[in-house]
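Trainee: I would like to learn how to read sheets, helices and chain contacts in a model. Could you take me through one, please?

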Amino acid sequence: MSSPETLTFMELAIQQAKLALDVLEVPVGCVIVEDGKVIASGRNRTTQTRNATRHAEMEAVDVLLGQWQKHGLSMSEVAEKFSNCSLYVTCEPCIMCASALSILGIKEVFYGCSNDKFGGCGSILSLHLSNTTPLNNEVSPGKCFKCTGGIMASEAVLLFRTFYEQGNPNVTDMVISHGLRICATVAFWAG
Amino acid sequence: MMDQCLVVHIPDKQPHDLHHQPTESVFASAIDPKHANQIVRRLNQIAPLEDLRHVKRIQKKVLEGGQIELLVILCLAHEGNNQLDNMPPLLQELISSHQLSPFITKVCKYAATSKEEWQEQCKFWPTSYHPRTYNIDGITGFSEEDSQSVLKFMQSAVEMATSDGMVVNAAVIVDPSAKQIISSACDQIFSWNTCKDNNCYRKPELSSSHPISSSRCNPHEPLHSNSSSNQLKQSYTDVACLYPRQWTEQQSHSQSSYYWHPLRHAAIVAIESSAARDRYLFSSEGNSEDRYLELDSDNSSWTSSPAKRQKTVCANGEDDDRLNAHSQTSDQPLARPYLCTGYDIYLVWEPCAMCAMALVHQRIRRIFYAFPNPNAGALGSVHRLQGEKSLNHHYAVFRVLLPEEALHKCHT
């Protein structure tokens, strides 16, 4: 069973997802936590930016990188910081985000629903394990992180469903890009 | 070099998968040939094989003595659920009325993509094979003209990748129908906006991804005045997709570096820049055509006046309010492409998983890379995203065979 603390943080991530929903973005949200405190949050902004890589995780990471550099932290210090951070996100990070999180070397990830089409933390690839041995003693391409799914998954799915039922044709394809198994959407896309 | 240009398609699957094709367990049964039509028709109604359309429902076996046996697939035998009792009632009815004796057998899970695969599949249970009817240009080969064009764009990527006297990755997004560069960028891990070199004076903004403004200036290493091949023949540790964790090794903090970012790999920055262009070109209905023409004329000279083009494409970084006001009317003069649909990207190195997936999200049509990435490559070396069936978009991947010396003779 998830700890009360975990649920509290996931609740905050859900709130971020709701903000995304309010502006017709695919509802995914996240918070990043260091020493029991939320230090950054993010929500999906793919439609607004016309940039399909602007997932909630990327938004939150950018906030942190900006903050830490403003405080004069060096790269190695920032790497150290990330290794003490946990991410709470409403949907399993996609392959891109999971890879990004292992490049940053985040400590731990908690997610809501799984991402059956694009998930990079077990569903399609397992980039959080990234135990491919580096060749010729080279630097490892990514760092492993602990990953726990299924936290408040039904709430996360409900947001996706609400989003889809709004039926905004402009964003239908974006739904797909987040890997929702909504048959009607798939039919639209395939047709 | 032009004559030796070779563009090789990197297939969705590794060839050795041939003998290890994923299979699925199914219930099958021998049937009386006299009832074959009736049974198959009924099965298609009550137990269609939705995800196994490539698998033939029925197979004919010639037994010893020339006797013919017909076998039919009844339904999937799910793992941990392989009891006959769990079959749908209608199916159980059919089984008992025809006195069938179901058994479990294996069929291939995915449709064959080559004749060789198909032949292997049929050793389990016959499947149908349809040579791919959709074709992304180039899979079946390039014309002389097309490969010249591919080489030209790849060379411009290589030029960017080596333009600082050090070697990084570079990305060039191209609209192949117009042979027009949409955006381009180098890795921007160590310095995004500024550096001590006065060439890099630009203020921080989304659009700083032009070859010149984006050229990476590592404050920790002085720019070399000459690019001897000795200096360039380092181990490419600055190429972000090759060594994504290299950034953590940087101890010192440079005051002169305005902003650095471990995730600003070339492909990510190029995508960002193409999105900025999209927002700019389609930010308002009224004058989008004029802007497009202006852009177009600049593009004819993109190599000679990058600054001008930069200004044109990206003068308007974010204008989301206007974007939102943009309505979808039918008399729009210029069709707004959906993200990078129809576009190609040229990368000097095979991208890592982050970049390769970003290119799926942004709907790139074809990826060309020159050098494989054995450490972290996601298009054949470590992973093979183009073969992940679950993804909603699939690009075609090509390797442009360049000699490694190409990295060393651009800027001498």
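**Reading a sheet, a helix and a contact**

Mentor: Gladly, and let us start with one pair of residues: E24(B) has V107(B) in strand 5 of chain B as its bridge partner. Keep in mind that this is a predicted model.

Trainee: What stands opposite S25(B) in strand 5 of chain B?

Mentor: K106(B) stands opposite S25(B) there. Both pairs belong to a longer match: strand 2 (residues 23–31) and strand 5 (residues 103–108) of chain B run antiparallel and are joined by 6 bridges.

Trainee: Which strand pairs with strand 2 of chain B over 6 bridges in the antiparallel sense, besides that one?

Mentor: Strand 4 (residues 68–76) of chain B does. In that pairing, I31(B) lies opposite L70(B). As a general idea, side chains in a regular strand alternate between the two faces of the sheet.

Trainee: In what order do the 4 strands of the open sheet in chain B come?

Mentor: The order is 3-4-2-5, with antiparallel pairing. Strand 3 (58–62) and strand 5 of chain B are the edges, each pairing on one side only. On average, neighbouring strands of this sheet are turned by 45° against each other, direction ignored. Helix 1 (residues 36–46) of chain B lies across strands 2, 3 and 4 of chain B, running at about 10° to strand 4.

Trainee: Now for chain A: which residues of helix 1 are buried?

Mentor: They are F9(A), M10(A), A13(A), I14(A), Q16(A), A17(A), A20(A) and L21(A). Seen down the axis of helix 1 of chain A, these buried residues fall within an arc of 155°, so they line one face of the helix. On the other side, P4(A), E5(A) and D22(A) are exposed.

Trainee: What do the buried residues of helix 1 of chain A pack against?

Mentor: Their partners in chain A include strand 1 (29–34), strand 2 (37–43) and helix 3 (56–70). As for length, helix 1 (residues 4–22) of chain A has 19 residues and reaches 27 Å from first C-alpha to last, close to the 27 Å expected. Just after this helix, L24(A) takes a positive phi of about 60°.

Trainee: And how many residues does each chain give to the contact?

Mentor: In general, the size of an interface is often given as the accessible area lost when the parts come together. Counted by residues, the contact here takes 41 from chain B and 41 from chain A. On the chain B side, helix 6 gives the most, with 6 residues. The residues of that side divide into 21 nonpolar, 14 polar and 6 charged.

Notes
Residues are numbered from 1 along each chain as its sequence is written. Chains are lettered from A and ligands numbered from 1 in the order in which they are written. This is a predicted model: local features need pLDDT of at least 70, side-chain atom pairs count only at pLDDT 80 or more; totals for chains, interfaces and linings use all residues. Two strands pair if DSSP finds at least two bridges between them. Helices (H or I, at least four residues) and strands (E, at least two) are DSSP runs, numbered from the N terminus. The expected span of a helix is 1.5 Å times one less than its number of residues. A residue is buried if 20 or more other C-beta atoms lie within 10 Å of its own, exposed if 12 or fewer, and partly exposed in between; C-beta atoms are placed from the backbone. The arc is that of the directions from the helix axis to the C-beta atoms. Two residues are in contact if their C-beta atoms, placed from the backbone, lie within 7 Å. Ala, Val, Leu, Ile, Met, Phe, Trp, Tyr, Cys and Pro count as nonpolar, Asp, Glu, Lys and Arg as charged, and the others, Gly among them, as polar. Axes are lines fitted to C-alpha atoms, for helices over the stretch in contact, and angles run from 0 to 180 degrees between N-to-C directions.
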